[in-house]
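Q: I have a model open and want to learn to read it feature by feature. Where should we begin?

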Amino acid sequence: MQRIKNIKLFLFDMDGTLYLGNNLFSFTKELLATIKENDGKYMFMTNNSSKSVADYIKKLEKLGINAKYDDFITSTQATIYYLKNNCDNEKIYLCGTNSLKIELLEEGFTVTENPDEATLILMGNDTELTFKKLYDISKILQTKDDVKYIATNLDMVCPTEFGSVPDCGSFCEMIYNCTGKRPILIGKPEPIMPILAMKRTGILKENTAVFGDRIYTDIKCGLNSGILSVLVMSGETTKEILENSKDKPDVVLNDCGEIINLLK
């Protein structure tokens, strides 16, 4: 708990950590204000590639939180960074939302709906999923040996007010069951998102922490990045899941509201 007092860069997962579905947790506004009052920096670090940063800004505004572009580090941003450094001239077949497609096009990438043209498959949290996309991806992976296959994230579910709905990881499992192929993962638990956040802010590892409600994404991302990992029990993780997990967080909190008293 004391280690949180040394944190200057707070990397917050969003759904299940600061809000649940469309319901903002009661402590969130005070928490963000307290971090700023203590000369800290917070960023919203999300694996959900179904929404663009512009979409998230609008969502947070509806929840009563003012945010700007630089407040976010997303799996889409990390994926774009990876593509620019490793796959800059590919023709992308996208299993993702129109928001994700627009972000790719704005960054100069080529997106095709023709499976015969595709040289790279990109899987995201596709809330506009169709069977045609699953069919085309299955065909591409089983007929092209040299195609690249990338996923923005491998979250199995996305939390809602009533429970959970399938996320990118569940879609990838369907494809694996058909093709035996696994994608290269970009988002949490891989370390690229915290690395980009620290690079952007200039804040060191020892003063950075990730806060989230999932062990296999948020906490493992902190462990893989060498930064403080803080699990909150306000979302997906139960006591049983925590007890049975081989990956253990550095700190466990009931929710992020407990941070407020530590900082004051």
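Q: Which helices and strands each supply at least two residues of the lining of the largest pocket?
A: Keep in mind that this is a predicted model. Two helices and two strands fit: helix 2 (53-62), helix 8 (215-225), strand 10 (157-159) and strand 11 (164-166). In total, 29 residues line the largest pocket. Those nearest its centre are D15, N48, Y56, C158 and P159.

Q: How much space lies in the largest pocket, and how does its lining split by class?
A: The space comes to about 400 Å³. Eleven lining residues are charged, eleven are polar and seven are nonpolar.

Q: Now the whole chain. What radius of gyration would a compact globule with 264 residues have, and what does the chain have?
A: Compare the two values. The globule would be near 18 Å, and the chain has 18 Å, so they agree. Along the principal axes, the C-alpha atoms fill a box of roughly 60 × 40 × 35 Å. The secondary structure comes to ten helices and 15 strands. Of the 264 residues, 56% count as buried.

Q: What share of the contacts with a separation of 6 or more comes from residues 24 or more positions apart?
A: That share is 68%.

Q: How do I read a single helix?
A: Start with the general geometry. An α-helix has 3.6 residues a turn, so residues three or four places apart point the same way. Then take helix 5, residues 131-143. Its 13 residues reach 18 Å from first C-alpha to last, close to the 18 Å expected.

Q: Which residues of helix 5 are buried, and what covers them?
A: The buried ones are K133, L134, D136, I137, S138, I140 and L141. Their cover includes strand 6 (91-95), strand 8 (120-123), strand 9 (148-151) and helix 6 (168-179).

Q: What backbone features should catch my eye?
A: Look for departures from the general rule. Most residues other than glycine have a negative phi, and most peptide bonds are trans. Here, D39 is not a glycine, yet has a positive phi of about 60°. Between K188 and P189 there is a cis peptide bond, with omega about 20°.

Q: Where is P189 placed, and where is D39?
A: Both are in loops. P189 lies between strand 12 (184-185) and helix 7 (192-201). D39 lies between helix 1 (28-37) and strand 4 (41-46).

Q: Is D39 buried or exposed?
A: The cut-off for exposed is over 50% relative accessible area. D39 has 67%, so D39 counts as exposed. Check its distance to K8 as well: 31 residues apart in sequence, but 7.5 Å apart in space, C-alpha to C-alpha.

Q: Where is K101 found, and what does K101 touch?
A: K101 sits in helix 4, residues 98-106. Leaving out residues up to four places away in sequence, K101 touches L94, V111 and E113. K101 has 25% relative accessibility, so K101 counts as partly exposed. S50 is 51 residues away along the chain, and its C-alpha is 9.8 Å from that of K101.

Technical notes. Residues numbered from 1 in each chain as written. Predicted model: local features only at pLDDT ≥ 70, side-chain atom pairs only at ≥ 80, totals over all residues. Heavy atoms only, no water. Helix = DSSP H or I, 4+ residues; strand = E, 2+ residues; numbered from the N terminus. Expected span 1.5 Å × (residues − 1). Buried < 20%, exposed > 50% of the residue type's maximum accessible area, 1.4 Å probe, protein only. Contact = heavy atoms within 4.5 Å. 1 Å grid on protein atoms, 1.4 Å probe; cavity = no way out; pocket = protein on both sides within 12 Å on 5 of 7 lines; lining within 4 Å. Points joined across faces, edges and corners; volume = space filled by probe spheres on them. Nonpolar A, V, L, I, M, F, W, Y, C, P; charged D, E, K, R; others polar. Rg over C-alpha atoms; globule rule 2.2 N^0.38 Å.
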